[in-house]
Amino acid sequence: MAPWLTVTGIGEDGFSGLGKQARRALLSATRIFGSPRQLALLPRCVTGERLPWPSPFSLAEVLALRGEPVCVLASGDPMFYGVGASLARQVAADEMQVLSMPSSCALAAARLGWPLQDVQVVSLVARPLAALNAHLYSGLRLLVLSNDQHSPAAIAALLRERGFGPSQLRVFEHLGGPDERQLAGSADGWPHSDIAALNLVAIECLASPDAQRLHRTSGLPDSAFRHDGQLTKRDVRAITLARLAPQPGELLWDVGAGCGSIGIEWMRAHPSCRTLAIEADEGRQGFIEHNRDALGVPGLQLVRGKAPQALQGLEHPDAIFIGGGVTGEGVLALCWERLRPGGRLVANAVTLQSEVMLAQFRDLHGGELTRIHIAHTQPLGAFDTWRQALPITLLDVVKPADA
């Protein structure tokens, strides 16, 4: 069938800035959806019924009109953090046409002279501010889509808290329209409070000398996590994550998550990676919530409870890490049952009892057992000596594709 739905990007210059195809679609549409601000940009000659988005937001009204000539308004490029991406998941490509305008990020990059392919884009629209923490690296350029007029001040405060006070910020209001304005300042001395709700923040990240510098590879410093000692230590964590081998879009169960270090680093491997962190201890649950925000993965989901009971009804994972509770009755068996075919299960053991459980599991399902010995230097009088950490036994097994 011919496209019945047209998703039209519209800029701050309104109807006059649209191309002929977009104007024709709007003039012939029986119903037009958009935000009140976008609908107000249309002239009287556009006679279709104007329908503001419902609250809470829903596409149900649009989808119910399948077959009618319907238009949806979006800011700039509808497929770039826009409603077009949401519609594309529910409407076939041959039923929908998308007419794009330059995105606010494209306009900001043009104003700044920043090559857009070299810039990291972060959206805070209806997303936690903590998501920005995953992108703070000295020398990096960020374009941040603000949630509202309070976002620039909140961003400046977060940068100061994380040791990035020297960073330079520039706020763009109403890009591409007659009311376009720019505001500039450093995070340390951010002076602006009267800011339009529609804005974008450009950041040139610059760390202060005492800022904690966190790398992108696995094995963050133990000091990056708040914990009570229940923590997979840095070197073992790096080895464990290498065996878990996170891939984009995959889901991890972090069973007996402790302070959440494995699940957090799994999600830092790629923005689309997901984690369900299962933890029974209330104090450690608080550590997980703090650490996931501080390290920029607020989307990590905390499952409050003890395995195996807390595992019931959870989405089947692509990988499982068992850092605590290996000896719990039925934990290994249920994890193996729920793991997707081709998925990876990695479990670490310190005690003899848990090591026996892993050896018995390997006898049934195969896999590899690895003993990890790590020693660190510590002072001994006027000299240094090696202090051996407790050895770790690691089980690494892949579930057969036909299992």
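**Reading salt bridges and strands in a predicted model**

Mentor: Let us begin with one residue: Glu355 is partly exposed, its relative accessible area being 24%. Please bear in mind that the model is predicted.

Trainee: Why does a value of 24% make Glu355 partly exposed?

Mentor: The label follows from two cut-offs: a residue is buried under 20% and exposed over 50%, and partly exposed in between. Glu355, with 24%, is therefore partly exposed. For the protein as a whole, 46% of the 403 residues count as buried.

Trainee: With which residue does Glu355 form a salt bridge?

Mentor: The general idea comes first. Side chains of opposite charge can pair when their charged atoms come close. In this structure, the partner of Glu355 is Arg371, and their closest N and O atoms are 2.6 Å apart. The pair links distant parts of the chain, since Glu355 belongs to helix α11 (residues 352-365) and Arg371 to strand β16 (residues 368-372), 16 residues apart. Arg371 is also partly exposed, with a relative accessible area of 42%.

Trainee: How many salt bridges are there in the protein?

Mentor: The count comes to 17 salt bridges. The charged side chains number 36 positive and 39 negative, and the centres of these two sets lie 3 Å apart.

Trainee: Which parts of the chain does the salt bridge between Glu289 and Arg304 link?

Mentor: The side chains of Glu289 and Arg304 meet at 2.6 Å, N to O. Glu289 is in helix α9 (residues 282-294), while Arg304 is in strand β13 (residues 301-304), and the two are 15 residues apart. As to accessibility, Glu289 is partly exposed at 28%, whereas Arg304 is exposed at 51%.

Trainee: What does the salt bridge between Arg111 and Glu180 tie together?

Mentor: In this pair the N to O distance is 2.8 Å. Arg111 lies in helix α5 (residues 104-112) and Glu180 in the loop between β8 (168-173) and β9 (181-186), so the salt bridge ties together parts that are 69 residues apart in sequence. Both ends are partly exposed: Arg111 has a relative accessibility of 36%, and Glu180 has a relative accessible area of 28%.

Trainee: Which residues are linked in a network of salt bridges?

Mentor: The network of salt bridges links four side chains by name: Arg274, Glu315, Asp318 and Arg340.

Trainee: I should now like to read a strand. Is strand β19 largely enclosed by the rest of the structure, or largely open?

Mentor: One looks at the accessibility of its residues. Strand β19 covers residues 392-398, and 6 of its 7 residues are buried, so the strand is largely enclosed by the rest of the structure.

Trainee: In which sense do β16 and β19 pair?

Mentor: They pair in the antiparallel sense, over 5 bridges. Within this pairing, Leu369 has Leu395 as its bridge partner in β19. Strand β15 (residues 344-349) is also joined to β19, by 6 bridges, and these two run antiparallel. There, Leu345 stands opposite Val397 of β19.

Trainee: How many helices and strands are there in the protein?

Mentor: The protein has 11 helices and 19 strands. Its C-alpha atoms fill a box of roughly 80 × 55 × 35 Å along the principal axes. Among contacts with a separation of 6 or more, 64% come from residues 24 or more positions apart. Finally, the protein exposes about 19300 Å², of which carbon and sulfur atoms supply 52%.

Methods. Residues numbered from 1 in each chain as written. Predicted model: local features only at pLDDT ≥ 70, side-chain atom pairs only at ≥ 80, totals over all residues. Heavy atoms only, no water. Helix = DSSP H or I, 4+ residues; strand = E, 2+ residues; numbered from the N terminus. Buried < 20%, exposed > 50% of the residue type's maximum accessible area, 1.4 Å probe, protein only. Contact = heavy atoms within 4.5 Å. Areas by Shrake-Rupley, 256 points an atom, 1.4 Å probe, with all protein chains shown as cover. Lys, Arg positive; Asp, Glu negative; His and termini not counted. Charge placed at Lys NZ, Arg CZ, Asp CG, Glu CD. Pairing = 2+ DSSP bridges.
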